[in-house]
Amino acid sequence: MTSSGAELILSTLTNKAEIIDLSGNSIGRAGCEHLSKILRFRYPRLQELNLEGNKLGDSAITNLLDALLDNDTLTRLNLNKNLLTNTGAIAIAKMIEENSTIEELYLSWNQIKSQGGTALFDAMAKNPHIRVLDLSWNSLGLYDSPFAAN
């Protein structure tokens, strides 16, 4: 599914949707931006959002994370396999510091290194609601050189 397909599906879902699973698609930046816009107003009951395997990257999830800051129903967020780096992990950390409903956060198979992992762990210390943080298959043990690209 492409971004236009994601937009079409998301615009037809009712506001009663509790789970949105767009895993393994190619919704791209445009699809993620559309999702971010409607998450703010359209899905007051959304509990689970699965975007695994969309290869969104850090810049595509920025608006999504902003939309989730005020969300008070989402308990499970899956961003596995989305090419996220330390930049994305730090943005996610800021979001979970303020969002008190997310209990499960899946970030495996990304490109998060020690700096991003540290930011996430620090955020968890401020948010006692997180029960699951999956960072498997990242590179948390690799040193982040200030000269290396994220």
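Questions on a predicted model

Author: Glu48, Arg76, Glu103, Glu104 and Arg131 are linked in a network of salt bridges. The model is a predicted one. The structure holds six salt bridges.

Reader: What makes the pair Arg131 and Glu104 a salt bridge?

Author: The closest N and O atoms of Arg131 and Glu104 are 3.0 Å apart. A salt bridge requires a side-chain nitrogen of Lys or Arg within 4 Å of a carboxyl oxygen of Asp or Glu, so the pair qualifies. The two residues belong to distant parts of the chain, 27 residues apart: Arg131 is in the loop between helix 5 and strand 5, and Glu104 is in strand 4.

Reader: Why is Arg131 called exposed or buried, and what about Glu104?

Author: Arg131 has a relative accessibility of 56%. Exposed means over 50%, so Arg131 counts as exposed. Glu104 has 16%. Buried means under 20%, so Glu104 counts as buried.

Reader: How do you know that Glu97 forms a salt bridge with Lys126?

Author: Their closest N and O atoms are 3.6 Å apart, and the cut-off is within 4 Å, so the pair is a salt bridge. This pair also links distant parts of the chain, with Glu97 in helix 4 and Lys126 in helix 5 (residues 114-126), 29 residues apart. Glu97, at 34% relative accessibility, counts as partly exposed. Lys126, with a relative accessible area of 55%, is exposed.

Reader: What separates Glu33 and Arg29 along helix 2?

Author: Glu33 and Arg29 are four residues apart in helix 2 (residues 28-39), which means a separation of about one helical turn. They form a salt bridge, with the closest N and O atoms 2.9 Å apart. Glu33 has a relative accessible area of 26%, and Arg29 has 43%. Partly exposed covers the range between 20% and 50%, so both residues are partly exposed.

Reader: Why is Ile38, in helix 2, called buried or exposed?

Author: Ile38 has a relative accessibility of 13%. The limit for buried is under 20%, so Ile38 counts as buried. Leaving aside residues up to four places away in sequence, Ile38 touches Leu10 and Tyr43. Ile38 and Arg131 are 93 residues apart along the chain, and their C-alpha atoms are separated by 27 Å.

Reader: Why are helix 3 and helix 4 described as roughly parallel?

Author: The axes of helix 3 (residues 57-69) and helix 4 (residues 86-98) cross at roughly 0°. Angles under 35 degrees count as roughly parallel, and therefore the two helices are roughly parallel to each other. Their axes come within 10 Å.

Reader: Which residues make the contact between these helices?

Author: Helix 3 contributes Asp58, Ile61, Leu65, Leu68 and Leu69, while helix 4 contributes Thr87, Gly88, Ala91, Ile92, Lys94, Met95 and Glu98. Seven of the residues in this contact are nonpolar, two are polar and three are charged.

Reader: What makes strand 3 and strand 4 a pair?

Author: Three bridges join strand 3 (residues 76-78) to strand 4 (residues 104-106). Pairing needs at least two bridges, so these strands pair. They run parallel, and Leu77 stands opposite Leu105 in strand 4.

Reader: Why are strand 1 and strand 5 called edge strands?

Author: The open sheet has five strands in the order 1-2-3-4-5, with parallel pairing. Strand 1 (19-21) and strand 5 (132-134) each pair on one side only, and are the edge strands. The twist from one strand to the next averages 0°.

Note on methods
Residues are numbered from 1 along each chain as its sequence is written. This is a predicted model: local features need pLDDT of at least 70, side-chain atom pairs count only at pLDDT 80 or more; totals for chains, interfaces and linings use all residues. Side-chain values use heavy atoms; hydrogens and water are left out. Axes are lines fitted to C-alpha atoms, for helices over the stretch in contact, and angles run from 0 to 180 degrees between N-to-C directions. Angles under 35 degrees count as roughly parallel, over 145 as roughly antiparallel, 65 to 115 as roughly perpendicular and the rest as oblique. Contact means heavy atoms within 4.5 Å. Ala, Val, Leu, Ile, Met, Phe, Trp, Tyr, Cys and Pro count as nonpolar, Asp, Glu, Lys and Arg as charged, and the others, Gly among them, as polar. Buried means under 20% relative accessible area, exposed over 50%, partly exposed in between (1.4 Å probe, protein chains only).
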